[in-house]
Amino acid sequence: MKVKNMAKIIVAVANMSVRGALTLRLTHEGHEVIEASDENKATGLVHTVEHDIIVASLEQSQQRMETFYLGLVRRDHGGKPVIFFTEDRPPSSIAAEVSYVAKPDVRDLVARVEELLIGPA
């Protein structure tokens, strides 16, 4: 059985209440959380802070999700996991490269983070 790793997670969530709830839950699980309230802050963090995972919920349209991922994450994130926490599924052009958890299920999101950290059995 693999043991879960503690991670440094960028939580890029526009809604302050949701961002706070995710931060509380993830820190309770032992992870370090770096918060970003918008795409510009998330971009800055990806470039300057060592991290393991990005959780993004920036109230993005599918086109903006694709732009955010292709323009920032794929280029600069080094293949590390990205989880979109949103009501809309990611567009098909990036769906195979990212994880998706439907809002508002914070438990499912935390479970997905843990699953990505533990990796395949």
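# A look inside the fold

The largest nonpolar core here has 17 residues, and Ile9, Leu22, Val55 and Val113 are the ones with the most contacts inside it. Two or more residues of this core come from each of strand S1 (8-13), helix H1 (16-28), strand S3 (53-57), strand S4 (82-86) and helix H5 (106-118). H5 is the top contributor, giving five residues. Please keep in mind as you read that this is a predicted model.

**The overall layout**

- The protein is built from five helices and five strands.
- Followed along the sequence, these elements give the pattern β-α-β-α-β-α-β-α-β-α.
- The protein has 121 residues, and buried residues make up 40% of them.
- Among contacts with a separation of 6 or more, 61% are between residues 24 or more positions apart.
- About 6600 Å² of the protein is exposed, and carbon and sulfur atoms supply 51% of that area.

**How confident the prediction is**

- The average pLDDT for the protein is 79, and 75% of the residues score at least 70.
- Confidence is highest in strand S2 (residues 32-36), with a mean of 95.
- At the other end, helix H3 (residues 62-76) has the lowest confidence, with a mean of 64.

**The cores and their residues**

- In soluble globular proteins, nonpolar side chains tend to be buried together.
- Ile9, one of the residues with the most contacts inside the largest core, touches Leu26, His31, Glu32, Val33, Ile34, Ile53, Val55 and Val113, leaving out residues up to four places away in sequence.
- A second core, separate from the one above, has 13 residues and includes Ile34, Leu45, Val46 and Ile94.
- Ile34 therefore appears both in the second core and among the residues that Ile9 touches, although the two cores are separate by the rule that a core is joined through side-chain atoms within 4.5 Å.
- Val46 belongs to helix H2 (residues 39-48).
- Val46 counts as buried because its relative accessibility is 6%, and the cut-off for buried is under 20%.
- Val46 and Ile10 are 36 residues apart in sequence, yet their C-alpha atoms are 7.9 Å apart in space.

**Strand S1 and its partner S2**

- Strand S1 is mostly covered, with five of its six residues buried.
- S1 pairs with S2 in the parallel sense, over five bridges.
- Ala12 has Ala36, in S2, as its bridge partner.

**Helix H1 and Glu35**

- Which helix holds Arg19? Arg19 sits in helix H1, and Thr23 is found in helix H1 too.
- Arg19 has a relative accessibility of 9%, so it counts as buried.
- Thr23 also counts as buried, because its relative accessibility is 13%.
- What joins the side chains of Arg19 and Glu35? They are joined by a polar contact of 3.1 Å.
- The side chain of Thr23 has a polar contact with that of Glu35 as well, at 3.2 Å.
- Not counting residues up to four places away in sequence, Arg19 touches Val11, Val13, Ala14, Glu35, Ala36 and Ser37.
- With its neighbours within four places in sequence set aside, Thr23 is in contact with Val33 and Glu35.

**Strand S5 and its surroundings**

- Four bridges join S4 to S5, and these two strands run parallel.
- Phe84 is bridged to Tyr100, its partner in S5.
- Side chains alternate along S5: Ser99 and Val101 point to one face and are buried.
- Tyr100 and Ala102 point to the other face of S5 and are not buried.
- Where does Val98 lie? Val98 is in the loop between helix H4 (92-95) and strand S5 (99-102).
- Although Val98 lies in a loop, Val98 is buried, with a relative accessible area of 11%.
- Val98 and Lys80 are 18 residues apart in sequence, and the distance between their C-alpha atoms is 9.5 Å.

Methods: Residues numbered from 1 in each chain as written. Predicted model: local features only at pLDDT ≥ 70, side-chain atom pairs only at ≥ 80, totals over all residues. Heavy atoms only, no water. Buried < 20%, exposed > 50% of the residue type's maximum accessible area, 1.4 Å probe, protein only. Contact = heavy atoms within 4.5 Å. Polar contact = N/O pair within 3.5 Å; in protein donor to acceptor, adjacent residues only side chain to side chain. pLDDT = per-residue confidence, 0-100. Areas by Shrake-Rupley, 256 points an atom, 1.4 Å probe, with all protein chains shown as cover. Pairing = 2+ DSSP bridges.
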